[in-house]
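Student: I would like to work through a structure with you, one question at a time. Could we have it in front of us?

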Amino acid sequence: MNLDTLLVATAKENRVFEKKTAATGRVSHAAQKQRTRTALVTSCRTLIASGADISMPAVAQAAGVSEATAYRHFADLVSLVNEALRDLWPSPAEALAPVATSPDAVERIDFACEFLLHRVYSYQGSVRAVIGATITKPALVPTRPGFRFGLIDLALDPVTDTSTEAAALRLAQLKEDLAAVVSAEALFSLIDLCGLDADRAIDSLRRTARTITEVAVDEIDRISQR
């Protein structure tokens, strides 16, 4: 579901809410609570899609509520961003649909890498906010989104022979290597510390992902043929 569709759906929900309020002359606590929560999530989605910096005060202001109210609905920024992202990120199958029939692991990983990193850059305000929040509060790390892992798994698993234990172990190692490359952290390092623009940074990481995948797939093929 894209952002425009979400906003239309939210507006429809608000109109229904307003009609019910006009008809009854009162608003239940549960209905008001749900409306405020919906407003926070919608405002967060709008900010994410714009690439703006994300913070609880910014989301609260956009939703027309106080920061304290926002925290009553969401204990931390990560949980709010997670809910807002739920309908902004496609599933791995939807994301990799253009290469779904390709038998080439290198091509599939290259596409997955490009898709993830372009989306990360577009939504960098929220991605940076979540990274920052989990650095300062390590307890939140398990709640951080891990979109890269689903993409990597689906790019490799259907086309990689793991009929032997050694091949399966090599594939697992490849996935670990790719997790460090097909990542927001790697992208931001190249942009922030190396001074690359987004396109050059993404191209660099795509080259790296293709190289380590090609090497690993060759090794897996040899292992499987023994």
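Here is our conversation about the chain, its core and its cavity.

Tutor: Gladly! This is a predicted model, in which local features need pLDDT of at least 70, side-chain atom pairs count only at pLDDT 80 or more, and totals for chains, interfaces and linings use all residues. Residues are numbered from 1 along each chain as its sequence is written, and side-chain values use heavy atoms, with hydrogens and water left out.

Student: Over which residues does pLDDT stay under 50?

Tutor: pLDDT is the predictor's confidence in each residue, from 0 to 100. The chain has a mean of 87, and 88% of its residues reach 70 or more. Where pLDDT is low, the predicted coordinates should not be read in detail. The stretch with pLDDT under 50 is residues 6-11.

Student: How many helices does the chain have?

Tutor: Helices (H or I, at least four residues) and strands (E, at least two) are DSSP runs, numbered from the N terminus. The chain has 0 strands, and every element in its order from the N terminus is α. The number of helices is 12.

Student: Which helix gives the largest share of the largest nonpolar core?

Tutor: A nonpolar core is a set of buried Ala, Val, Leu, Ile, Met, Phe, Trp, Tyr and Cys residues joined through side-chain atoms within 4.5 Å; buried means under 20% relative accessible area, exposed over 50%, partly exposed in between (1.4 Å probe, protein chains only). The largest such core has 64 residues, and Ile48, Ile54 and Leu187 have the most contacts inside it (heavy atoms within 4.5 Å). Its largest share, 9 residues, comes from helix H12 (residues 198-225).

Student: Which helices do the buried residues of H11 pack against?

Tutor: In H11 (residues 184-193), the buried residues are Ala184, Ala186, Leu187, Phe188, Leu190 and Ile191. Beyond four places in sequence, Leu187 touches Leu117, Val120, Tyr121, Ala201, Ile202 and Leu205. The packing partners of the buried H11 residues are H7 (105-122), H8 (124-136), H9 (147-156), H10 (165-181) and H12.

Student: Which element gives the most to the lining of the largest cavity?

Tutor: On a 1 Å grid over the protein atoms alone, a cavity is a set of points where a 1.4 Å probe fits but cannot get out, and lining residues have an atom within 4 Å of a point. The largest cavity has 15 lining residues, with Val120, Val127, Pro145, Phe147 and Ala184 nearest its centre. The elements giving two or more residues to this lining are H7, H8 and H9. The one that gives the most, with 4 residues, is H8.

Notes:
On a 1 Å grid over the protein atoms alone, a cavity is a set of points where a 1.4 Å probe fits but cannot get out, and a pocket is an open set with protein on both sides within 12 Å along at least five of seven lines; lining residues have an atom within 4 Å of a point.
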